[in-house]
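Trainee: Hi! Could you walk me through this model?
Mentor: Sure, here it is.

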Amino acid sequence: MRKRQQSAPKSRRWGPIIGYGLLLFIALALGTVYGWVSRSRMMMSLLQTAIVPKDPKVVFGNTKSITLLMLGCDEERKWGGVAAYGERDWTNKAGEVTRKYARADMILVARLDFENEMITGISIPRDTDVRLPGYRSHRINSYFKLEGTDKGPEMMQKAVTHALDGVPIDRVVVLNYDAFQEMVDAVGGVAMDVPKKMDYDDHAGNVHIHLEPGRHQLSGYDALMYVRYRKSNDGAADTDFDRQNRQKQFLVSFKDAVMRDPLKLPSVFDKAVAVLGNSMSEDEIASLAFFAKRVKPSQIRMGMLPVREQRGTTKLAIDSRKLPAVLAEYNLKPKASHATRSIR
């Protein structure tokens with residue numbers, strides 16, 4: 001009598017089916033994630049860097065550090081907020097017509113030390129008095145428009161290096177305010193606790209902010225005004241440190257807004273590239289993102305250029321006695337000669 005063949009236990013029969021099902025599910029999930037991530041070149045670069053880390057020293061051309069000059073620029077406008085771009089002819093020293101007219105509203109020098117995993121830097125008040133060789137004395141922010149805004153990054157690079165006794169600038173990044181607003185709007189705005197009444201109108205610079213103390217969901221435009229805010233209509237002014245603290249608080253709130261809806265990450269990252277004026281490649285930004293993640297909070301130090309008031313003027317003079325100590329404190333090393341390049 002033939003022995004009846006025993007059937008395999010149910011768990012063993014279902015095992016291959018469950019295994020194939022899981023494999024199919026994982027394949028579909030990975031395909032979906034890849035399709036989502038591939039919508040953004042920036043996201044793809046970040047994913048690739050996460051899998052195969054890219055050393056920023058190599059990405060930036062086999063260098064131990066890089067010093068960035070970051071500029072936020074406003075536009076000169078007619079009273080009433082009507083844009084003046086292209087509506088008047090402005091000429092430079094050579095008599096060439098330049099139609100764009102802008103000033104550097106925010107000036108920050110940051111040194112990223114890849115070898116010691118440190119980020120340091122100083123902000124420079126826009127009213128700092130600087131006289132480049134061959135030019136008369138100007139507020140440092142005016143150099144952006146002095147030879148036309150096409151040469152603005154190059155002129156600001158020269159002016160800042162001169163003001164800092166020869167500190168070399170490796171890269172100039174001109175922040176795109178329009179892209180900043182779009183990036184904030186892409187996450188549905190950012191929730192901020194406004195500490196005081198902010199009421200200010202600057203028709204020439206197209207800055208208008210009217211916020212009461214309390215919790216606000218800031219749109220892209222209001223967020224831009226919030227981080228640029230300097231003084232109120234009654235004349236009360238903030239210090240650069242007040243402004244820096246607001247900007248830090250905003251960055252924390254913006255990060256929270258992004259993480260609440262990760263599906264918006266591709267568009268946010270692509271906007272972030274535009275905010276940096278497209279002055280860096282996706283690989284460069286990705287390597288910096290992972291570098292910044294490794295840097296300990298104690299290794300991030302930011303200060304301000306030492307300045308003093310000038311009698312009879314609204315310009316600020318550089319305090320040359322304090323400057324060497326401040327440059328040393330924030331790891332900014334002057335050099336007698338340095339080949340720089342300006343990228344917008």
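Trainee: Which residues is Val190 in contact with, leaving aside its neighbours within four places in sequence?
Mentor: Those are Val184, His216, Gln217, Leu218, Phe250, Ser253, Phe254 and Ala257, where contact means heavy atoms within 4.5 Å. Keep in mind that this is a predicted model, where local features need pLDDT of at least 70 and side-chain atom pairs count only at pLDDT 80 or more, while totals for chains, interfaces and linings use all residues. Residues are numbered from 1 along each chain as its sequence is written, and side-chain values use heavy atoms, with hydrogens and water left out.

Trainee: And which residues touch the most other members of the largest nonpolar core?
Mentor: Val190 again, along with Leu112, Phe180, Tyr226, Phe250 and Phe254, in a core of 47 residues. Such a core is a set of buried Ala, Val, Leu, Ile, Met, Phe, Trp, Tyr and Cys residues joined through side-chain atoms within 4.5 Å. Buried means under 20% relative accessible area, exposed over 50%, and partly exposed in between (1.4 Å probe, protein chains only).

Trainee: What about strand β9, residues 190-194: how many of its residues are buried?
Mentor: Four of the five, so β9 is largely enclosed by the rest of the structure. Strands (E, at least two residues) and helices (H or I, at least four) are DSSP runs, numbered from the N terminus.

Trainee: Which strand does β9 run alongside?
Mentor: Five bridges join β9 to β12, residues 214-218, and the two are antiparallel. For strands to pair, DSSP must find at least two bridges between them. Asp193 has Arg215 in β12 as its bridge partner.

Trainee: Do their side chains come into it too? How far apart are the closest N and O atoms of Arg215 and Asp193?
Mentor: They are 3.0 Å apart, in a salt bridge, meaning a side-chain nitrogen of Lys or Arg within 4 Å of a carboxyl oxygen of Asp or Glu. Arg215 lies in β12 and Asp193 in β9, so this pair ties together parts that are 22 residues apart in sequence.

Trainee: Changing topic, how enclosed is helix α5?
Mentor: Nine of its twelve residues are buried, so α5 is largely enclosed by the rest of the structure. Among the buried ones are Met155, Met156 and Val160.

Trainee: And which α5 side chains meet in a salt bridge?
Mentor: Glu154 and Lys158 do, at 3.5 Å from N to O. They are four residues apart in α5, so about one helical turn separates them. Glu154 is partly exposed at 36%, and Lys158 is partly exposed at 43%.
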